[in-house]
Structures are given as C-alpha cells and as structure tokens.
Amino acid sequence: MKYKVLLTREIIKEAMDYLKAHAEVEVCWKKRAPEKREIIQKIKDKQGLLCLLTDRIDREIIDSAPQLKIISNCAVGYNNIDYHYAISKRIWVTNTPGILTETTADLTWALILSVARMIPEADKFTRKKRFKGWDPLLFLGKDVYGKTIGIIGLGRIGKAVAKRATGFSMKVLYWDKIKLQNKEEKSIGVRFEELENLLKEADIITIHVPLNEQTFHLMSRERIYMMKKGAILINTSRGEVIDEKSLADALEDGHLWGAGLDVYEKEPEVYDKLLKLNKVVLLPHIGSATYETRLKMSMMAAKNLAMGLEGKIPENLIDEWKTVSS
C-alpha cells in the first residue's frame, strides 16, 4: 500500500522528491497558504499531513481525516496545531527542532545592528539620491559594542545569540523560567536576572521564548515601559509575545529608540501604526530563510512523516507526545 499524504504548501524540491518516493503526494496549494475548507476537502483520504506554522490545524481538520496517522510540522513551534486533541486520537505530531538555531540567531543580530545603526533608513536615503556628502549629524545611531543585552528565553537560539554577543564585548543578562547551573552560565558568559530587573538594565532586549499561555503578551504595556528609555526591542520568536499597540506607543512617544520584528501579533497583518514609524525594522518572518536551513527543515519534516507512515516512532516527536509515550 502506498500511503497518501497532503502538503499544505510545496516545500524544497529535494524533500518533495524524497516524499514522492515514500508516498502519494498531493499539494494543497503552491503559491499561498490554503484556506481551512481547502485542507478539509483534500485531507479526507490521507494518512499523513505535512503543514507549516501558518496552517491552523484544529479539531475540525483532524476529524476530517479518519485515517490520519501523523502530522509533521515544518517548524520548531507547533502552537498552530491542536496537538492535545491529536494526541488524544493517537496521531503522532512532530516538529523540526535544532535546525534553525544559528540562522535565527544570525537574523536576530541583523535586526539589532539594523535598528541600532538605522541601516534601512540610510539605505532608502541613499537610493533617493539625497546623500550630498559626509555630515557629522547624518544618521546618528547607537553603539552596540560594550552595551548590555538582555535575552528573554535562553534556549538554543537564546544561547546562540548570547555567544555572538561576546564578540561585541557586551554584558549579557538573561531571564528564563529555568535558571542555568552556575557552571553553564560561566561557560556561555551570561548572568541571570529577574525579568523586571533585566528590562530596566538592558540597552537591547531580544526575545526567544515559545508561545504559550504564560508568554502571551509577556511584553505587556507595563513591561515595555519598564525598559530603559532609549532601549531597543527585538523579536524573532512569536508575534503574540508582544502587545504591539503598546510597542507602537512606546516608539511613537520616544520611550524606546527602536524595534526589530520578524513576527507579528496577527500575522501576516502588521499593526498599522508600526508600518508608519521609521525606527522599526519589519521583516516578513524570515528567521530561518536560508536555503541551507530550509532544506534541512524540509528534509527533517519529510523524514518524520515517512517514519510515521511506516509505523516507526518518528525521531522528532513533540515533547508532549514523549510524555504520553513514556
């Protein structure tokens, strides 16, 4: 029997070819995210589903596929899936952890430097042929070297960001729900601070937490205004972690120097006021967008799917499934 699988979007060719060797593949849509009704229509006779973070896989979709054995999410996060319900129906749920760590850390630093040194604004200024020669007051940004960076969430990506900060001789503070052992803190070069203290002390705040009930609007209006005046806020985790309206207010009234965002509270919509502010660098969710990383992600998602279809325990079951299985 050749299993049938549904892909919500087309992925990199090598991964597509791998899947086609293991299953009968149908792609929901090539150029845009499919609507819910389209997924429901196409998933009815499928045993496997490979989806993206932008796809909301809820109970209705899951119940539309009585033969479904595995949902393979081509992303590290999986809050787009009603995984509790999937687990209750003994459907495997997998993700692609570890692969995008360094790539996302690189992008975090690209945002930090772009905001601090006003790179996008300076680029637009130059392209408009407004550059008339060196000016001592032209695009005065902020130094990064020697400043204090506060990292909210010291998982894989947070640690990778911290390691890069040492090259800028920065003081590195972090907050996480789990404090590292002193030995590991020293090896990375970080110091634990309670969240409120970190917000008050850091010149740059960068967020690297998963989205859950505890982290929704973790950066509330109160906490945004706890930040040091003139600080920079960076987010490459999940948009809902920040109250975007309050962020826009803090940028508009000058409390914050700037912000760099790769994710949004109501993605793909961006809060309108943010679009009108100069000192905000806005990216279209490209944290993992290098060919090398997307190829690794696609291949891992494809292999997870193939293993599940063959009745083998996938290598990258989400943590909640591991708890059920143990």
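Is Glu-222 buried or exposed? I looked this up first in the predicted model. Glu-222 has a relative accessibility of 57%, so I put it down as exposed, the cut-off being over 50%. I place the residue in helix H10, which spans residues 221-224. I also took a distance from here: between the C-alpha atoms of Glu-222 and Ile-178 there are 23 Å in space, with the two positions 44 residues apart in sequence.

Sheet with E6 and E7.
I traced an open sheet of seven strands, with parallel pairing, and wrote its order as E8-E7-E6-E9-E10-E11-E12. E8 and E12 are the edge strands, each pairing on one side only. For one pairing I looked up the details: strand E6, residues 148-152, joins E7 in the parallel sense over five bridges. Within these strands I find Gly-150 opposite Leu-173 of E7.

Strands E3, E4 and E5.
I then turned to strand E4, residues 70-73, and asked which residues cover its two faces. Ile-70 and Ser-72 lie on one side, Ile-71 and Asn-73 on the other, and all of them are buried. E4 runs parallel to strand E3 (residues 48-51), and four bridges join the two. Here Gly-48 stands opposite Ile-70. E4 also pairs with strand E5 (residues 92-94), again in the parallel sense, over three bridges. In that pairing I noted Ser-72 opposite Thr-94.

Aromatic pairs.
How many aromatic pairs are there? I count four. One of them is Trp-109 with Phe-168, a stacked pair with 4.7 Å from centre to centre and 0 degrees between the planes. This pair links distant parts of the chain, 59 residues apart: Trp-109 belongs to helix H5, while Phe-168 sits in the loop between helix H7 (156-165) and strand E7 (171-175). I checked the accessibility of both partners. Trp-109 has a relative accessible area of 5% and is therefore buried, the cut-off being under 20%. Phe-168 comes to 26%, so I call it partly exposed.

Next I took Tyr-174 and Phe-192. Their ring centres are 5.4 Å apart and their planes stand at 75 degrees; because that angle is over 60, the pair counts as edge-to-face. Tyr-174 is in strand E7 and Phe-192 in strand E8 (residues 191-192), so this pair ties together parts that are 18 residues apart in sequence. I find both Tyr-174 and Phe-192 buried.

A charge over a ring.
What sits over the ring of Trp-257? I find the charged end of Lys-279 there, 3.5 Å from the ring centre.

Second largest pocket.
Last, I looked at the second largest pocket, which holds about 360 Å³ of space. I listed 21 lining residues, of which Pro-120, Glu-121, Lys-124, Asn-278 and Val-280 are the closest to the pocket centre. Which elements give two or more residues to this lining? They are helix H5 (101-116), helix H6 (119-127), helix H12 (272-275) and strand E12 (280-282). H6 provides the largest share, with four residues. Sorted by class, I have 13 nonpolar, two polar and six charged residues in the lining. Two of these elements were already in my notes: H5 holds Trp-109 of the stacked pair, and E12 is an edge strand of the open sheet.

Notes
Residues are numbered from 1 along each chain as its sequence is written. This is a predicted model: local features need pLDDT of at least 70, side-chain atom pairs count only at pLDDT 80 or more; totals for chains, interfaces and linings use all residues. Side-chain values use heavy atoms; hydrogens and water are left out. On a 1 Å grid over the protein atoms alone, a cavity is a set of points where a 1.4 Å probe fits but cannot get out, and a pocket is an open set with protein on both sides within 12 Å along at least five of seven lines; lining residues have an atom within 4 Å of a point. Grid points are joined across faces, edges and corners, and a volume is the space filled by probe spheres set on the points. Ala, Val, Leu, Ile, Met, Phe, Trp, Tyr, Cys and Pro count as nonpolar, Asp, Glu, Lys and Arg as charged, and the others, Gly among them, as polar. Rings of Phe, Tyr and Trp (its six-membered ring) pair if their centres lie within 6.5 Å; planes under 30 degrees apart count as stacked, over 60 as edge-to-face and the rest as tilted. Buried means under 20% relative accessible area, exposed over 50%, partly exposed in between (1.4 Å probe, protein chains only). A charge sits over a ring if NZ of Lys or CZ of Arg is within 6 Å of the ring centre and within 35 degrees of the ring normal. Two strands pair if DSSP finds at least two bridges between them.
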